[in-house]
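Hi,

Here is the structure I promised to pass on to you. Have a look at it first, and then read on for what turned up.

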Amino acid sequence: MKQSWVYELKNVSFSYNQQTVLNQIDLNIALNERVMLLGPNGCGKSTLQKILAGLLFADPGTVTAFSQPITRKTMQDKHFAAKFRQKVGFVFQNSDVQLFCTSVLEEVMFGPLSMGLSFGEAKERAVELLTLAGIAHFRDCSPHHLSGGEKKKVAIVACLVTNPEVLIFDEPTNGLDPKSRRWIINMINELNRMGKTIILATHYFEFVPELADRVIVLDETHRIIANDVPEAILGNRELLLAANLIEEK
Amino acid sequence: MDYKLPLWMNTAVGKELPEPKLSWNRRNYLDKTVTTIHTVLVEEALAAENSNRKGLLQLIQPHIKFTGILLLIVASAVTKSLWYLAGVNLLVVLLFMLSACSVKAYVIRVWLPVLLFTGISVIPGIISWITPGEALFTIYSGFQCSLWLTLPQELFITKQGVFAAGFVLFRSAASLGLVTLLIKTTRWTEITQVLVRLGFPEIGVTILDLTYRYIYLFLLLLLEYLMGRKSRLVGCESQSSKISWIGSTIADFFRLTRQYSQEIHYAMLSRGYNGCHPVKTKIIVRWFDIVYLVVMLALLLCCWRIS
């Protein structure tokens, strides 16, 4: 039986200022899968995630999501783009760039209100998720006055509130204290249990066993050098060395 | 902490993605800004690459190059000969080609703005009504008009008007061309070093240096902001929402600029900044630098002789 893929990437490359950032990437991601992109700094993880989120476009190569092509042209159709963004949520590494409203509650309600939900329903959803994240008491604060971990939680909640089917996290645990990190890891796993597809990028492989069903390793040549289950990746010391993920002792 | 997610999250948004409708030119303001920022970043990368290429002006010592170009700008500003100005413009084109810069870039960076801005402003000056003189081309004659404005019976383009307009255009193009040449063949850090050596106020040069560096950083940040916004547009965006986002982004950038400037100041102080712009390069004059300077001086003398 043919597997139903959420994403199908064929021969995807991307250059930025004449520098190759992604080099001939072939990748399929299935529904309800937890995929972790692992690689050193500057290997193209974030760019690949932005391509999956329809923010950047493959050049050359083809990206298909939910059986539809994701190109600059197709994403210019506002209706299509809005529906796609409802299905795909993206949590940026730097939460500051994602938060633009004057209060936390407004921030979280932005998505549901844009989707056309009633004010009451949007508020109910927002408060429910803020309570779950333990930041409901910040609802009237400006997001910019919060700490890094709290901002990250607001960004995640603002993304979750539209109930996307795919969640893309760019370095979600970067710069967070252990408590916030644990909260995010547990939240991601709970989301996956609820049927969400998770795509994570990190260069810390300590979280691989907890967070991934499949690991994709990119190296400094901006290519995929491994695509396997976590045990196989973590057990391959040579591969981790080649990908500059561990240091030689 | 309870990790039980609400039940409404169990249900998928449902329905497949609709078929995208393809049409021409439907880019929104976010896409347009993203494209513009990308263009600026690419241009910046190309400029840096260009100043490292092997070309005639890239070989010249920055201080001497700057002085030579300054001499030629002065000559272009004071000359009374149109032929001299035309010659300087030709020399600029030649230097563009010899310095591995494209002539297309010269046309876009120099002649396009000159014709668009200076050109439009000098058009009225070529007609007999503004600049009387010898007729070159008659626009109309024997026309009577006595409305709120009394038009002359005859209107023509004058030789004197065209001559004056040519002066303004060639002078602007020569100055702009020379400055563009300097920017395209010299790294920004070298330009600021030259400015310090030539006695420009150090604080001004430091501000210029920091502005250049942080504009790049802020452009990258703005790019992320735009993507952050795009990633959350899950429905139709109202005009008021667009305006409010633009307003809040401007405010955010003001806040960030203040925050950054404070941190940069502390970082500079902690690394021993005492108000002086450090001059890092030693001037080593080679034979071709002297040849270049002699040629520029000869051109300045030529201007004086012709005038």
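The area buried between chain A and chain B comes to about 5200 Å², and carbon and sulfur atoms give 60% of it. In case you wonder about that choice of number, the size of an interface is often given as the accessible area lost when the parts come together. Please keep in mind that this is a predicted model.

Counting residues, 54 from chain A are in contact with 52 from chain B. There are twelve residue pairs in polar contact between the two chains, with both residues at pLDDT 80 or more. On the chain A side, the elements that give two or more residues to the surface touching chain B are α2 (78-87), α3 (104-115), α4 (119-132), α5 (148-160) and α6 (178-193). The largest share is that of α2(A), with nine residues. By type, the chain A residues that touch chain B split into 24 nonpolar, 15 polar and 15 charged.

As for salt bridges, the rule finds two across this interface. One of them pairs A:Glu107 with B:Arg232, whose closest N and O atoms are 2.6 Å apart.

Now to the inside of chain A, starting with strand β8. Six of the six residues of β8(A), 197-202, are buried, so the strand is largely enclosed by the rest of the structure. In a regular strand the side chains alternate between the two faces of the sheet. Here, A:Thr197, A:Ile199 and A:Ala201 point one way, while A:Ile198, A:Leu200 and A:Thr202 point the other way.

Which strands does β8(A) pair with? One is β3(A), residues 34-38, which runs parallel to β8(A) and is joined to it by five bridges. Within that pairing, A:Leu37 has A:Ala201 as its bridge partner. Another is β7(A), residues 166-170, also parallel to β8(A) and joined by five bridges. There, A:Phe169 is partnered with A:Leu200.

One last residue to click on is A:Ile156, in helix α5 of chain A. Is A:Ile156 buried or exposed? Its relative accessibility is 1%, so A:Ile156 counts as buried, the cut-off being under 20%. Leaving out residues up to four places away in sequence, A:Ile156 touches A:Val91, A:Phe169, A:Trp183 and A:Ile184. That list includes A:Phe169, the β7(A) residue whose bridge partner in β8(A) is A:Leu200. The C-alpha atoms of A:Ile156 and A:Gln98 are 9.9 Å apart, with their positions 58 residues apart along the chain.

Cheers

Methods
Residues numbered from 1 in each chain as written. Chains lettered and ligands numbered in written order. Predicted model: local features only at pLDDT ≥ 70, side-chain atom pairs only at ≥ 80, totals over all residues. Heavy atoms only, no water. Contact = heavy atoms within 4.5 Å. Buried area = accessible area lost by both parts, 1.4 Å probe. Salt bridge = Lys/Arg side-chain N within 4 Å of Asp/Glu carboxyl O. Polar contact = N/O pair within 3.5 Å; in protein donor to acceptor, adjacent residues only side chain to side chain. Helix = DSSP H or I, 4+ residues; strand = E, 2+ residues; numbered from the N terminus. Nonpolar A, V, L, I, M, F, W, Y, C, P; charged D, E, K, R; others polar. Buried < 20%, exposed > 50% of the residue type's maximum accessible area, 1.4 Å probe, protein only. Pairing = 2+ DSSP bridges.
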